[in-house]
Each structure stands twice: as structure tokens, then as C-alpha cells.
Amino acid sequence: MGIEDYVSAIVFGAVIGVVARILLPGRQSIGVILTVLIGVAAAVGGTWVSDRYGLHSDYTFTLFDRGFDWLVVGVQVGIAVVGVAIAALLARGFSTDRDDD
């Protein structure tokens, strides 16, 4: 694995994190770095879950000479949505900017 593999994993994780934030309704008060970290973790976790349980489809797409399975990407985005939701709940729970009306 070269440096371009690590860079592409970070970029793909960032995209997955952003997609998760778009799919999750409401405002999430978490930062960009946390979004990227959640996306990268979801990409790794989603790949592991898909390999572990044999979740693969015949539908793929190619991006920058790399093939991606739609079902695996769906699992990754699903994990990212859960991760962003948990992070947003924790951020709201520990926030001091609340109105206690």
C-alpha cells in the first residue's frame, strides 16, 4: 500500500461522513474532523462487516481506477449515519449552549 491508498481512504471516508450528515435529519453540531474520522471508521467497519457476512453485490462502480461495490458502500454509509447520530447526541449532551426554558 502506498501513500495514495491512504489518501484515497481518507477522501472516501470524508465523502461517506458527509453523505451520512446529509442523510441524517436535523443539525449535527460536530466538526469536520470528527465527521471525517467517523467516515473513515465507517468505511473500515463497513468493509469488515461486508466481508464477514458476505454482503456483496454484482453492481459496482469505478472511481479513479478503483472498483466499489454498491452494497458495501451502502453498509459503510449506514454505519456512518449511526456514528454521526451518536456523536451528535453526545455533543448535544455535553454542550453548555443549551436553553433550559
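Me: In what pattern do the helices and strands follow one another along the chain?

Reply: In this predicted model, the chain read along its sequence follows the pattern α-α-β-β-α, and its secondary structure comes to three helices and two strands. The C-alpha trace spans about 55 × 30 × 20 Å along its principal axes, and buried residues make up 27% of the 101 residues.

Me: What share of the contacts between residues at least 6 apart in sequence join residues at least 24 apart?

Reply: Of those contacts, 61% join residues at least 24 apart.

Me: How should I read the length of a helix, taking α2 as the case, and what span should its 22 residues have?

Reply: One compares the distance between the end C-alpha atoms with the span expected at 1.5 Å a residue. For α2, which runs over residues 32-53, the expected span is 32 Å and the end C-alpha atoms are 31 Å apart, which agrees. Helix α1, with 21 residues, reaches 30 Å from its first C-alpha to its last, close to the 30 Å expected. After α2 comes glycine 54, whose phi is positive, near 65°.

Me: Why would residues three or four places apart in a helix point the same way?

Reply: An α-helix has 3.6 residues a turn, so residues at that spacing point the same way. In α2 the buried residues are Thr35, Ile38, Gly39, Ala42, Ala43, Gly46 and Ser50. Seen down the axis of α2, these buried residues fall within an arc of 145°, so they line one face of the helix. On the other side of α2, exposed residues include Ile33, Leu37, Val44, Trp48, Asp51 and Arg52.

Me: Against which elements do the buried residues of α2 pack?

Reply: They pack against α1, residues 3-23, and α3, residues 70-93.

Me: Which residues of α1 are buried?

Reply: In α1 the buried residues are Asp5, Phe12, Gly13, Ile16, Gly17 and Ala20. They cover an arc of only 145° around the axis, which puts them on the same side of α1. Ile3 and Ile22, on the other side of α1, are exposed, while what covers the buried residues includes α2, α3 and the strand β2, residues 66-69.

Me: At what angle do α1 and α3 pack, and how far apart are their axes?

Reply: A helix pair can be described by its angle, its axis separation and its handedness, and then by the residues that meet. For α1 and α3 the angle is about 65° with the axes 8 Å apart, and the crossing is right-handed. From α1, the residues Phe12, Ile16, Gly17, Val19, Ala20, Arg21 and Leu23 meet Val73, Gln76, Val77, Ala80, Val81 and Val84 of α3. The residues of this contact divide into 10 nonpolar, two polar and one charged.

Me: How can I follow a single residue, and is serine 50 buried or exposed?

Reply: One can take its element, its accessibility and its contacts in turn. Serine 50 is found in helix α2, and because its relative accessibility is 0%, it counts as buried. Leaving aside residues up to four places away in sequence, serine 50 touches Leu55, His56, Val72 and Val75.

Me: Where does histidine 56 lie?

Reply: Histidine 56 is in the loop between α2 and β1, the latter being residues 60-63, and its relative accessibility of 45% makes it count as partly exposed. Not counting residues up to four places away in sequence, histidine 56 touches Ser50, Asp51, Asp69, Leu71 and Val72. The C-alpha atoms of histidine 56 and isoleucine 86, which are 30 residues apart along the chain, are separated by 27 Å.

Notes: Residues numbered from 1 in each chain as written. Predicted model: local features only at pLDDT ≥ 70, side-chain atom pairs only at ≥ 80, totals over all residues. Heavy atoms only, no water. Helix = DSSP H or I, 4+ residues; strand = E, 2+ residues; numbered from the N terminus. Expected span 1.5 Å × (residues − 1). Buried < 20%, exposed > 50% of the residue type's maximum accessible area, 1.4 Å probe, protein only. Arc of directions from axis to C-beta. Contact = heavy atoms within 4.5 Å. Axes fitted to C-alpha atoms, helices over the stretch in contact; angles between N-to-C directions. Left-handed = near helix turned anticlockwise from the far one by under 90°. Nonpolar A, V, L, I, M, F, W, Y, C, P; charged D, E, K, R; others polar.
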